[in-house]
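Colleague: I would like a close look at one part of this model. Please take a strand and its partners, then the aromatic rings, and give the cut-offs as you go.

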Amino acid sequence: MSKIADGSFLDQLARRIQADFGDDIGDIAVVLPTRRAALFLKESLAKTYKKTLWAPQMLSIQDFVRSLTNWQYPEQLALNFELYQVYKKAMRERHPGYNESFERFYAWGEMLLKDFDEVDKYLVDAEGLFSNIRDLRRIEMEFGLSENDAKALQRFWQSVHGLTATEEEEAISPIKKTFLDIWEVLGDVYKNFGQSLQAKSLAYDGIAYRQIVAQLREEKLKLPYRHVIFAGFNALSLAEQEMIRLMLEQQKAHIYWDVDVSYFPEKILQNQPNWQYGAISEEAGKFIRKLHPLWEAKGSRLIQHDMVAEEKEVILTGVALQTAQARLLGQLLADLPSDTDALRQHAIILADENLLFPVLYSLPETVENLNITMGFPLRQTHVYHLLFSITGLIRNQILGKDGKGLFSHIDLLQLLNSPYIKSIAPQLSEKKQQEIQEKNLLYVPREFLLEAASPPLYVHIFQPPASSAELVTYFAELFDLLLADAQSRDAQLEAEYIFQFFTLFNRFRDILAEFDETLSVRGFADIFREAIRKGKIPFEGEPLIGLQLMGILESRTLDFEHVYLLGANEGSLPDTSSGNSFIPYHLRKGFRMPTFEEKDAIFAYHFFRLIQRAKHVHLIYNSNSIDGGSTQEMSRYLQQLKLYQHLFPNMKLVERQYQIPAPFSKQPEIHIQRGIEVEQKFGLKYLSKGSRYLSATALTTFLACPIKFYFKYLAEVKEIESLEESMEAGTFGTVLHSSMEYLYRPFLGKTVQKEDFEALNKRIDAEIKKAFLEQNIAWDLQLQGKNYLYREVIQRLCKDILEQDEISAPFEILHLEDDSLFHTQLPLGQQSVKLNGLFDRVDRMPGTGYVRIVDYKTGKVDFGKTPHTVEDVFSAEKWERAQLGGLKEAFQGFLYAWLFDLKFPGNDIVMGYYTARKLQNGLVYLNAGEPIRQEQLQAFGAKLAELIGHISRADFPQSEQLSRCGYCAYREICGR
């Protein structure tokens, strides 16, 4: 075992190559984890040899394996089509009626391709894996599983079956039956898929790995190299392990591991007599500790480093909010050296690749040379978002009753609001969005979107064909129009994006033509969207010059003195996203396939290897408890550094928090002062010559929060409107009110008898439908999901109200929703203020002679045990502190009774509320059902006049009761 040496891993590797092979290296191959590592190794070899000579062949592991075969490696989509043909044939042999389409197969076809690739790379006995075997003993005998593997497999089958064989035949669920049906054919699909590809000289990587291992075992593999050096690896698939083991045994290869002494217990290390703490990270050295002792005598070598003996500064910085990490990075890089050689010793590593653009925008202007290893993701461009919106529009369109296409308002508004549409037709885009909002159009005909002067690109976008066969031509013409538009604006970068997307589209089109599969419009849109989602444009530049920016996987084998690691949170480091698989956990364990435990160990190695030779390390993580809907935690590897820091006497570990400077610490209070402008607004709207009336809602709004009254009724700041795909609370109440009005409208001026309720109940559905249509909630297309449930609720409420009304029948209907009858004017100086009330229903009870004002409430009405007085409903203290429940309803009740008495004096008036939450209790009455007395009405009128006078002269402060601000439409303006 070699001694610990200085320099980067690749520099030390270059010296080892020189020591072992001298100058004769032109016919050897160096296999590395990444292609980027090969570029840096060339530089290290040049520094080591310092003369001209033939360099070795340097390849990534994937390129090395592929170079040993004569096969073609199709794109993923083409492989998926090939797999579908095989799968379809296998299913039809067992189930003659099977006719699943490719678009339904596509998503889990992707999953099967990944699983098949892993099956081959881990040399799994595919027949044993995919067999539908119920006899565990036979598994143990035929496939030689260990006790632990057999137990894992047993747990899997118990989770699938969970019943005895007899019980299963009788009671197995349809989902489990489908699962077992598919498993029955997977063995045949796997075998036939491989044979089908081989017959066409095609393969995926797993096939190549398995084939090379087989050739090495039979000593039939002819390497085009004199010797192979594997360097910088950590976790290896079983096929990679077997391939390297056999080449080592056949003296055709060496392998060099990049390790730190802290990964190993003392007995493995040489020249470390004082090391007595064991491994700092059980995970980081997991794979190397297993393989190196087995291969050491055959050519396995350690290139060691010692973090214990080295001085190192590690700064852990928590930053509130994700993108603020980039802002901090910009400050840290402000004093970077301008010297090119010094600059390349600085590397930005992104554990979370979503930070790429925030980082690019945060870099200081002094950074002139930047090498970005990560590709530019096309999904970050405006062109991608345009295509994404278009495919969404296409996939979700439906046919109306006339057979014409209708677009979902969700997809349509997203497209109309896209930067592209706004740039080519800004006024038309704004106009159509406004019309859709105002008319509450949930599904929009394409003709609605087009006008005579619409630009050609706009017209083309909103006229997608109704068949998938025509979509190929549609998108081809779309790219021509997009490219012409970009060129007319001299937008060269945008034109490059469009060209890249067009290239991806052409590949997609060629694959569709090759396999001649018929897709639905939705299927075409879904698969095309997936085809462009992963597209990237490589950044151009000199890779060995300047500041380095890369993802954590691209950093393998590379060493830097200054490391800035961003996104060091759980979920990113390690990446906890798990790709879908058809092979469950216990089955993976049973057949020794990788699980999340191996994935965590791989990331542990990447992390500790990244910092082991660095002198200065900034580990930056999001410290915000909630950001983007998920809890943020420091990465476990940072926690391990804190835990083990006492083992590293020369490592200075600093922990700190970075605070973003706030423009101000406290939101200033808003207080609208009385003035001429405010008085003019009030006068123009509500005084004698104005067109507005003060209502109960407006007056109680002032009592609860004066500034809200100002925003809503004087300044007329409109609340943000959105289309109601499913009913909002206000619309729900409106539909309920309208439904009851329509039910009782034929009885206006008549008496409702008990025998009338049978016919009234039969009309409920028809009247609800009329109310739905009145609110632009179309009955035929949108009566689904929540709207269906709301219809059911409104139907139930109408029946319950009728049931309660039947108990109190007979009664005479006097008024229904009359907005022109109950209004008046109160004197205010030389003018007067206009008030009105909209009564849901007024009826007369023949038995008592009372006039009953009825109001339908979808919310809660609770007057409590203490009767509300007129003084209560005008008390500023009670409104501010909300000391009494039902204040708003009580004020409304007194106002309605007062207005009715002005119009029709001399009646005994009771005010009752039907509350949706407690309809079974009947009407909830103000004054406990007692008629509102004349002295109460007179007192109310006097207090009302005082309130109106106060409003006309008042300032408009914010409410001190913050609990009211949670659902207020103006809370953003108020800063609440």
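Modeller: What follows covers one strand and its neighbours, then ring contacts.

This is a predicted model, in which local features need pLDDT of at least 70 and side-chain atom pairs count only at pLDDT 80 or more, while totals for chains, interfaces and linings use all residues. Residues are numbered from 1 along each chain as its sequence is written, and side-chain values use heavy atoms, with hydrogens and water left out.

Strand β26 covers residues 851-857; helices (H or I, at least four residues) and strands (E, at least two) are DSSP runs, numbered from the N terminus. Seven of the seven residues in β26 are buried, where buried means under 20% relative accessible area, exposed over 50% and partly exposed in between, with a 1.4 Å probe and protein chains only. Val-851, Ile-853, Asp-855 and Lys-857 are buried on one side of β26, and Arg-852, Val-854 and Tyr-856 on the other.

Two strands pair if DSSP finds at least two bridges between them. Strand β25 (residues 841-844) pairs with β26 in the antiparallel sense, over four bridges. Opposite Arg-852 in β26 stands Asp-843. The hairpin of β25 and β26 has six residues between the strands, and Gly-849 there takes a positive phi near 80°. Strand β27 (residues 909-915) runs parallel to β26 and is joined to β26 by seven bridges. Met-911 in β27 is the bridge partner of Ile-853.

Arg-852 also leads to the rings: Arg-852 lies over the face of Phe-811, 5.4 Å from the ring centre. A charge sits over a ring if NZ of Lys or CZ of Arg is within 6 Å of the ring centre and within 35 degrees of the ring normal. The charged end of Lys-121 is likewise over a ring, that of Tyr-209, at 5.3 Å from its centre.

For ring against ring, Phe, Tyr and Trp (its six-membered ring) pair if their centres lie within 6.5 Å; planes under 30 degrees apart count as stacked, over 60 as edge-to-face and the rest as tilted. The count by this rule is 56 aromatic pairs. Phe-475 and Phe-524 are stacked, with 6.0 Å centre to centre and 20° between the planes. Phe-475 is in helix α23 (residues 468-488) and Phe-524 in helix α25 (residues 521-533), 49 residues apart, so this pair links distant parts of the chain. Phe-475 counts as buried because its relative accessibility is 1%, and Phe-524 is buried at 2%.
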